Amino acid sequence: AASRPGIEWYQIRGNFLFDFRSSPNFWKTQALCSHTADTYLSRMADSSMYKVAPIAPIDGEIELPMCMYRVAPVQGAGSGKSSSQNSASVGQSSTGSLAALGQRQLSVIADLEDLENQVHALACRLNIALPPMPGTSSDQQIVVHASPSNPPSAVVYLFRALGRQLPIATAVHLHSSLKSLSPQLRDILRTVPVAVDESTAALKLVVVWRAIEDEEPYIVVRSHGSGAMQCCVRGQQNIGRYLCRRYLAKLYEGCGALATLEIDACISNFYLPLLPSTQASSKEQAAAVKQANVALGRNAYLAGDSVTLADLLLYSLLSLKPALVSANNVKAWVKRLSANSITAPVAM
């Protein structure tokens with residue numbers, strides 16, 4: 001249907017029925033198919049009955065609205081079929097304002113996260129436990145996706161250390177890609193200290209057991225800033241670096257620049273050759289353990305006189321490969337770590 005002032009017309013089975021409601025004498029007529037509706041509409045538009053003298057002089061054309069209510073779009077300009085360039089410009093300015101607001105929000109979030117990381121690093125260096133932040137129990141969580149064939153023992157050690165420093169909550173879930181799971185893996189976080197009241201937890205640690213093609217555990221971290229994106233952190237060594245940078249600086253970068261280089265060297269020389277994904281030969285694995293034995297002859301631990309991330313990673317692998325624990329220094333080192341509550345063996 002279409003309408004003009006005083007005229008309503010409808011198409012009924014190929015004929016046009018006109019309803020002239022403005023006429024003093026209400027009447028109807030039916031037009032033949034050979035006549036078009038535009039002919040009748042043009043005749044009525046030319047009628048002086050609908051002409052009104054202007055009340056003020058008009059220079060140029062006046063754009064009449066094509067809709068009853070015109071509202072500026074909140075999600076940008078339309079599909080290119082807008083009635084005027086004015087509405088398009090309004091949409092573009094609205095889009096620019098929203099984009100600027102979004103960038104400002106991401107910038108503020110990035111600054112807050114950077115400040116939070118600095119506070120946590122300082123607290124770790126001073127060995128101070130920070131109080132829980134209100135409203136973060138459901139907002140901050142670390143979800144580790146792991147395969148049952150490669151349990152993330154080193155991550156569990158880090159979770160234990162986090163439980164000593166912060167009030168945390170834990171959870172273990174089974175993904176639909178797996179049909180069953182051993183009771184030991186279901187309770188892999190049972191030795192992690194947790195907050196008495198979960199609502200007061202400052203951090204939630206979650207393990208999701210699932211089928212993973214390369215069997216390497218991973219976490220997904222959301223970055224903020226001008227190019228906000230989600231980043232996949234894969235491998236226990238990289239997950240450990242992330243957790244230490246954010247919460248446990250004393251196990252990694254909080255030890256100092258030179259000590260951090262030593263820790264990275266230990267991870268590359270002692271830990272990585274023992275990973276199944278490296279596909280190192282038995283001779284190469286034995287050589288890596290022999291180098292670790294030499295390092296442990298100089299210090300109580302791999303990178304000095306205190307436990308670091310390198311110790312947690314290598315110990316997590318050697319606990320699964322007891323045949324490689326034959327050298328005297330390595331045996332003494334394993335014994336010391338086994339007696340530590342943080343690095344006590346994880347039941348698999």
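Tutor: A residue counts as buried when its relative accessible area is under 20%, as exposed when that area is over 50%, and as partly exposed in between, using a 1.4 Å probe and protein chains only. The model is predicted, so local features need pLDDT of at least 70 and side-chain atom pairs count only at pLDDT 80 or more, while totals for chains, interfaces and linings use all residues. Residues are numbered from 1 along each chain as its sequence is written, and side-chain values use heavy atoms, with hydrogens and water left out.

Student: How many of the residues of helix H3 are buried?

Tutor: Helices (H or I, at least four residues) and strands (E, at least two) are DSSP runs numbered from the N terminus. Helix H3 covers residues 153-165, and 12 of its 13 residues are buried. Among them are Tyr 157, Phe 159 and Arg 160.

Student: What span is expected for helix H6, residues 257-271?

Tutor: The expected span of a helix is 1.5 Å times one less than its number of residues. With 15 residues, H6 should span 21 Å, and the 20 Å between its end C-alpha atoms agrees.

Student: Which residues of H6 are buried, and which exposed residues lie on the face turned away from them?

Tutor: The buried residues are Thr 260, Ile 263, Cys 266, Ile 267, Phe 270 and Tyr 271. Viewed down the axis of H6, they fall within an arc of 120°, so they line one face of the helix; the arc is that of the directions from the helix axis to the C-beta atoms. The face turned away from the buried side carries the exposed residues Ala 257, Leu 258 and Leu 261. Helix H5 (236-246), helix H7 (282-298) and H8 are included in what covers the buried residues of H6, where contact means heavy atoms within 4.5 Å.

Student: How are helices H8 and H9 placed with respect to each other?

Tutor: Two packed helices are described by the angle between their axes and the distance between the axes. Axes are lines fitted to C-alpha atoms, for helices over the stretch in contact, and angles run from 0 to 180 degrees between N-to-C directions. The axes of H8 (residues 309-318) and H9 (residues 328-338) come within 11 Å and cross at roughly 100°. That makes H8 roughly perpendicular to H9; angles under 35 degrees count as roughly parallel, over 145 as roughly antiparallel, 65 to 115 as roughly perpendicular and the rest as oblique. The contact includes Leu 314 and Tyr 315 of H8 and Trp 333 of H9.
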